[in-house]
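This briefing introduces the fold of one protein chain to a reader at the start of a course. Please keep the sequence and the structure in view while reading the points that follow.

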Amino acid sequence: MSGTSELKIYNSLTSRKELFKPLQKNNVGIYVCGPTVYNKVHLGNCRTFISFDLIVRYLRHLGYNVRYVRNITDVGHLEDDSDDGEDRIAKKARLENIEPMEVVKKYSDDFHKTLRKFKVLPPNIEPTATGHIIEQIELIKKLIDSGFAYEVNGSVYFDIKKYCESYEYGILSNRKLEELLKNTRDLSGQSEKKEPFDFALWKKASKNHIMKWNSPWGQGFPGWHIECTAMSLKYLGNQFDIHGGGIDLKFPHHECEIAQGTALNSVPPVKTWMHTNMLTLNGKKMAKSTGNNILPEELFSGTNKNISEAFSPVVTRFFMMQAHYRNQLDISQDALNASKKGYQRLIKGYKFIDNLSSNYIGKSIFDVNEAISKFYYAMNDDFNTPVLIKELFEALKRIKGLSINKDFINKDDLKKLQNTFRVFLFDILGFEVVEDKNDTDEYLNKTVSLLIELRENARKNNDFKKADEIRENLLSIGIILKDNKNGTRFELK
Ligand SMILES: [Zn+2]
């Protein structure tokens, strides 16, 4: 388990990097808030899921047994964070004149298809909110029984003032109750809540509301926050290692999850909170209404006014990995172009290492173990992919230098480096080799290496005439073979 003891993760709850130690020795439980499936998946959301894909891949690489739970929100997410507005899925169903579950199916499929293109591995469990109504009702009952929630006219709300008698509310987003009170819209007595900052656990459904279930409080539907508490606690336990999501979910969603979980079990539900930052487009927030928006499929096909050519999912993934997940990232034509070139260079370099001929075998002129430890150091520092990519390029530069400076690498070192590159590029970063038929360097390397081998065999068989012929013919097209005690190299005239 290389580097396990050193892994540090930035915890949004404490605002610092902490040494990662799972609650149960070798097992890691991680929950990430999944999409609300009422629309095509947003590129910004993709960034979140790609980031957590990397995190899970790395934890597994370190040898942890990871249970990764990522939900699908298919009910209860209202248009407004303050429990107002229509349910997003119900609204879409009304507008498209189809069943809510048709909306859910359509956009869940789109979500999965897009993530597959990005090489995002599926979670171990992908629970849906509608599949866990019973669990949610049970938790709400428990919260009412323990005095942390109250029922009004068929709806149930979480009592934040009551919670604050025993615990602190607002610890994740650093909000104080007094400020919340000031900032919450004054509904001048119109609200049935005791306090405007109380949040809904269960909402009474109106007569023509389509998505509703029977409950002890009449027909209704669950609030958005309780679904994640129900599903995370069910599959990961009352306290688990990592909870992740986009930074926009910090408040109120994750703050409410902390309150619910703590009120239910008297322990904070999560050890480490992780939040991914936003993706902007041309320096501005993406929004459908302003046109400053781009869908994944538009990016792949090059059919969006903000870009003039298509970019593949793997180049987009590389582009995202070039920024740290906690930093804001701006997408633009220029940035994508630079990433496209960078990615081609990286893969070309990898192919060079992978096909490195026996030409360069000898005593290593650089410390391969040190280069590899830098890869781990970057990843152990809160999954710092931009530094990792920089170090990968650095190692490639040393290897490229072998051919320029006529230096060597030890056979075992070369093997180790080849394996490590494969593991980091494909298993951890989730990249893939895109065949480039115009990659003449690679073909030249392979072909000349083959001819050098034929010449070597001819010499072994004392067929010096043949050996010289190969050498002469190569020379005539500008390829010079140079023999030394370690073998034969080639140079271009
Ligand atoms: Zn959630």
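A residue is called buried if 20 or more other C-beta atoms lie within 10 Å of its own, and exposed if 12 or fewer do. By that rule helix α1 is mostly covered, with 16 of its 19 residues buried. The model is predicted. The points below move from the whole chain to its sheets, its helices and its nonpolar core.

**The chain as a whole**

- The protein chain has 493 residues, and 39% of them are buried.
- Its secondary structure comes to 16 helices and 15 strands.
- Along the principal axes, the C-alpha trace spans about 100 × 45 × 35 Å.
- The chain is divided into domain 1 (4–276), domain 2 (281–428) and domain 3 (440–492).
- Between the C-alpha centres of domain 1 and domain 3 there are 64 Å.
- Of the contacts between residues at least 6 apart in sequence, 72% join residues at least 24 apart.

**The parallel sheet**

- Strands of a sheet pair through backbone hydrogen bonds, either parallel or antiparallel.
- One open sheet of 4 strands shows parallel pairing, in the order β4-β3-β9-β10.
- The edges of this sheet are β4 (65–70) and β10; each has a single partner strand, so one side of each is left without a neighbour in the sheet.
- On average, neighbouring strands here are turned by 20° against each other, direction ignored.
- Strand β3 (residues 27–32) pairs with β4 over 6 bridges in the parallel sense, and V28 stands opposite V66 in β4.
- Strand β9 (residues 240–246) runs parallel to β10 and is joined to it by 6 bridges; F240 has V270 in β10 as its bridge partner.
- Although β10 is an edge strand, 6 of the 7 residues of β10 (residues 270–276) are buried, so this strand is largely enclosed by the rest of the structure.

**The antiparallel sheet**

- Another open sheet of 4 strands has antiparallel pairing and the order β5-β6-β7-β8.
- Here β5 (149–152) and β8 (220–222) stand at the edges with a single partner strand each, so one side of each lacks a neighbour in the sheet.
- Neighbouring strands of this antiparallel sheet are turned against each other by 20° on average, direction ignored.
- Inside the order, strand β6 (residues 155–158) and strand β7 (residues 199–204) pair in the antiparallel sense over 3 bridges.
- F158 stands opposite F199 in β7.

**Helices**

- Does the length of helix α1 fit its residue count, and what span should its 19 residues have at 1.5 Å a residue? The expected span is 27 Å, and the end C-alpha atoms are 27 Å apart, which agrees.
- Just after α1, G63 takes a positive phi of about 105°.
- Helix α7 (residues 224–236) has 13 residues and reaches 19 Å from its first C-alpha to its last, close to the 18 Å expected.
- Since 11 of the 13 residues of α7 are buried, α7 is largely enclosed by the rest of the structure; the buried residues include W224, I226, M231 and L236.
- G237 follows α7, and its phi is positive, near 100°.
- Is E179, which lies in helix α6 (residues 177–183), buried or exposed? E179 is exposed, because 12 other C-beta atoms lie within 10 Å.
- The C-alpha atoms of E179 and K284 are separated by 28 Å, and the two residues are 105 residues apart along the chain.

**The nonpolar core**

- The largest nonpolar core has 117 residues, and I140, F158 and L201 have the most contacts inside it.
- Helix α1 (residues 43–61) gives the largest share of this core, 10 residues.
- At least three residues of the core come from each of domain 1 (4–276) and domain 2 (281–428).
- Which residues are in contact with L201, leaving aside its neighbours within four places in sequence? They are I140, L143, A149, V156, Y157, F158, G223 and I226.
- Two of these partners have appeared above: F158 stands opposite F199 in β7, and I226 is buried in α7.

Conventions
Residues are numbered from 1 along each chain as its sequence is written. This is a predicted model: local features need pLDDT of at least 70, side-chain atom pairs count only at pLDDT 80 or more; totals for chains, interfaces and linings use all residues. Domain bounds come from an automatic or database domain assignment. Two strands pair if DSSP finds at least two bridges between them. Helices (H or I, at least four residues) and strands (E, at least two) are DSSP runs, numbered from the N terminus. Axes are lines fitted to C-alpha atoms, for helices over the stretch in contact, and angles run from 0 to 180 degrees between N-to-C directions. A nonpolar core is a set of buried Ala, Val, Leu, Ile, Met, Phe, Trp, Tyr and Cys residues joined through C-beta atoms within 7 Å. Two residues are in contact if their C-beta atoms, placed from the backbone, lie within 7 Å. The expected span of a helix is 1.5 Å times one less than its number of residues.
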